Amino acid sequence: MYFIQTTDVELTSINAYDPTWERAQLVLHVGLRRLLDLYDKYGVKGTFFFTGKIVELEPRVIEIVAARQHE
């Protein structure tokens with residue numbers, strides 16, 4: 001048995017909107033990987049929605065999610 005979760009991947013935060021390559025790297029290499037690790041740990045399968053801006057700044061984000069068997 002596993003759970004399904006939807007997740008929005010974007011560059012917004014509570015404190016600021018910072019559409020920069022540096023922010024995209026933080027989302028990609030820290031936040032998203034932590035979230036994927038948690039999903040794996042608890043058997044969660046996710047459907048991810050990406051803003052165009054993060055895909056433009058860091059297109060590998062889609063490959064990282066797909067490699068972990070999410071959509």
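In which strand is Thr 47 found? Thr 47 is found in strand β2. The views below come from a predicted model.

**View 1. Thr 47 in strand β2 pairs its side chain with that of Glu 71.** The polar contact between the two side chains is 2.7 Å. Thr 47 has a relative accessibility of 17%. It counts as buried because that value is under the 20% limit. Leaving out residues up to four places away in sequence, Thr 47 touches Ile 4, Gln 5, Thr 6, Thr 7 and Glu 71.

**View 2. Helix α1 runs from residue 21 to residue 42.** The helix has 22 residues. At 1.5 Å a residue, it should span 32 Å. The C-alpha atoms at its ends are 31 Å apart, so the model agrees with the expected span. There is nevertheless a kink of about 35 degrees, centred on Val 27. Gly 43 follows α1. The phi of Gly 43 is positive, near 70 degrees.

**View 3. The buried face of α1 packs against both strands and helices.** Which residues of α1 are buried? They are Ala 24, Gln 25, Val 27, Leu 28, Leu 32, Leu 36 and Tyr 39. Val 27, the centre of the kink, is thus listed among the buried residues. The packing partners of the buried residues are β1 (3–9), β2 (44–50), α2 (52–57) and α3 (60–67).

**View 4. The largest nonpolar core holds 14 residues.** Val 9, Leu 32, Leu 36 and Phe 48 touch the most other members. At least two residues of this core come from each of α1, β2, α2 and α3. Which element gives the most to this core? Helix α1 does, with six residues.

**View 5. Phe 48 has contacts on many sides of the sequence.** Among its contacts are the core members Val 9, Leu 32 and Leu 36. Phe 48 also touches Thr 7, Leu 35, Tyr 39, Val 65, His 70 and Glu 71. This list leaves out residues up to four places away in sequence. Glu 71 also appears in View 1, as the partner of Thr 47 in a polar contact.

**View 6. Glu 58 lies in the loop between α2 and α3.** Is Glu 58 buried or exposed? Glu 58 is buried, with a relative accessible area of 7%. The side chain of Glu 58 is joined to that of Arg 60 by a polar contact of 3.0 Å. Not counting residues up to four places away in sequence, Glu 58 touches Trp 21, Ala 24, Gln 25 and Leu 28. Of these contacts, Ala 24, Gln 25 and Leu 28 are buried residues of α1.

**View 7. Phe 3 of strand β1 is partly exposed.** Its relative accessibility is 49%. Phe 3 therefore falls in the class between buried and exposed, since exposed means over 50%. Phe 3 touches Tyr 42, Gly 43, Val 44 and Lys 45, not counting residues up to four places away in sequence. One of these, Gly 43, is the residue that follows α1. Phe 3 and Tyr 39 are 36 residues apart along the chain. Their C-alpha atoms are separated by 9.0 Å.

**View 8. Asp 37, Asp 40 and Arg 68 form a network of salt bridges.** How many salt bridges does the structure hold? It holds four. In one of them, the side chains of Asp 37 and Arg 68 meet at 3.0 Å, N to O. Asp 37 lies in helix α1 and Arg 68 in the segment after α3, so the pair ties together parts 31 residues apart in sequence. Arg 68 also forms a salt bridge with Asp 40, with the closest N and O atoms 2.7 Å apart. This pair links distant parts of the chain, 28 residues apart, with Asp 40 in helix α1. The three residues count as partly exposed: Asp 37 at 43% relative accessibility, Asp 40 at 41% and Arg 68 at 23%.

**View 9. Lys 53 and Glu 56 meet in a salt bridge within helix α2.** The distance is 3.4 Å, N to O. The two residues are three apart in the helix, so about one helical turn separates them. Lys 53 counts as partly exposed at 30% relative accessibility. Glu 56 is exposed, with a relative accessible area of 58%.

Methods
Residues numbered from 1 in each chain as written. Predicted model: local features only at pLDDT ≥ 70, side-chain atom pairs only at ≥ 80, totals over all residues. Heavy atoms only, no water. Helix = DSSP H or I, 4+ residues; strand = E, 2+ residues; numbered from the N terminus. Expected span 1.5 Å × (residues − 1). Bend = angle between axes of the 7 residues up to and from the residue. Buried < 20%, exposed > 50% of the residue type's maximum accessible area, 1.4 Å probe, protein only. Contact = heavy atoms within 4.5 Å. Polar contact = N/O pair within 3.5 Å; in protein donor to acceptor, adjacent residues only side chain to side chain. Core = buried A, V, L, I, M, F, W, Y, C linked by side-chain atoms within 4.5 Å.
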